[in-house]
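Dear colleague,

Please find the structure below, followed by some notes on its aromatic pairs and nonpolar cores.

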Amino acid sequence: MTATSSTPKKTGLRATKGRLLAGAMMLGIAGAFSAQTVLPQGFALADPVKVDVAGPVDFSPVVQAVQPAVVSVRVKQEIEPKMMNFGGNDFDEFFNELPKDHPLYRFFRRFGENGPKSDESQKRERPHRYGMSQGSGFFISEDGYLVTNHHVIDKGTEFTVVTDDGKEFDAKLVGADKRTDLALLKVDNADRDFTYVKFADGAPNVGEWVVAIGNPFGLGGSVTAGIVSARGRDIGAGPYDDFIQIDAPVNRGNSGGPAFNMKGEVIGVNAAIFSPSGGNVGIAFAIPSSTAKDVIMDLKDDGSVVRGWLGVHIQGVTDDIAESLGLKEAKGAIVADAQEDGPAAKAGLISGDTILAVDGNSVDGPRELSKMIAAYSPDTDVDITVWRDGAEKDVTVKLGRLQDAEQVAEATPTESEETTLEDLGLTVLTAQEAGVEGDGVVIAEIDPDGAAAEKGLRRGDRILAVAGAEVKTPNDVVEAVKKAEKEGRKAVLFRVESNEATRFVALPMNLG
């Protein structure tokens, strides 16, 4: 019994020791892994990202500080009278032939068409009608300068500013800039100092908290909050698009209002929303403070913004275009057209030049080029680096003053015969044979499944140049394509005029 009973005791002791030893080993291994996970073959995993910044408990300190600087902007606009139009002289003859007791005679008299009148009498009898629109704005100085959007004050005749405490003040328009959608108003004779805010010095970070304050739907001052969703957005609003995208609810009437960071600085001016329904869906766009500061300073000094003008129509460089030009990467802005008598044309820039840099600063694309040139004053000499005929070339251009007028080039018709470019999916004619005025070659037919149609070319488009060479006949097109093929190009660059606009299209070639 004694011998039999001693065996289980020894076995139990050994098992206990084994479990303790295994536990100690596991603790050691776990401790090693907690410091840094070591994997076979010497690989190690770094510690995961850890952020110790807490979100704000509430936004009330920011709102209480900045809200007195935010205002509602009421704009009185004259409404153009809309008169019934029945075709000018034809209506006069029709009205004169109607008997005075005819029902239609009485109908037209009742609704304002009182028969033929002189222009002078019509002007006397048309009353002036006015409408009222509303937006938002904010003071940037204690003496009454305030910022809003151009589209808020557009066509306005009178401006009223309503402050956060309900006081109303008349304001005058100092200046406005349609291209950036900014405007500057001034309240005079207020007998008080206004609470004002300043623009942030730097751009906000994506993910940063933002507070939007404004006058949505004319309800009065409202506050919404969100984060910065993205920067550098191009929404097609203008040539200098560089919007901050935010997800703070912004609605109609918020236009011109400020977007604040947590320091109470204006990071942007609310200008647009993306909304299929007209209400907020979480996508709003604000003009960056860096843009607003420069524009508002010019408006305050001169009442307008003076920008440099290069005088070119440009487009982006795609991979296909880069390949056809022999560029290593798809960067820069290609000159679709150098406007006649413009600064670029006078300096020697030509269609097909690809602008790579301005004063040594690299140009990523058309938007960057537009912003660079606009930052210069007129009559400034700038060095433009272009890619031409497979090599870089520097051209000095004396900038002009940006204007809205456009130049129209002259052209001369030439003759040729129809030619089919099967590999590219199009048939071309001379402009004369196509029955249109001007120079170049016109697309007569296009294969809907061909490469040309896929790239957006359409029947009636005019081909002005191929692979950098001007074309006047269909045979010129064929020869230019053959030359590009011999040079080993995978794509050939067409300069095309469509709807009075010039652009470049790179068509891939069938190299067989």
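W209 is partly exposed, at a relative accessible area of 35% (buried means under 20%, exposed over 50% and partly exposed in between, with a 1.4 Å probe and protein chains only). This is a predicted model, in which local features need pLDDT of at least 70 and side-chain atom pairs count only at pLDDT 80 or more, while totals for chains, interfaces and linings use all residues. Residues are numbered from 1 along each chain as its sequence is written, and side-chain values use heavy atoms, with hydrogens and water left out.

There are five aromatic pairs (rings of Phe, Tyr and Trp, the last by its six-membered ring, with centres within 6.5 Å; planes under 30 degrees apart are stacked, over 60 edge-to-face and the rest tilted). F59 and W209 make an edge-to-face pair, 5.2 Å centre to centre with 70 degrees between the planes. The rings of F139 and F194 are stacked, because their centres are 4.2 Å apart and their planes lie at 15 degrees. F139 is buried at 1% relative accessibility, as is F194 at 5%, and both belong to one aromatic cluster with F169.

The largest nonpolar core has 26 residues, and F138, V147, L182, V197, F199, F260 and V269 have the most contacts inside it (such a core is a set of buried Ala, Val, Leu, Ile, Met, Phe, Trp, Tyr and Cys residues joined through side-chain atoms within 4.5 Å). Apart from it lies another core of 22 residues, including L421, V428, I463 and L507.

Best wishes
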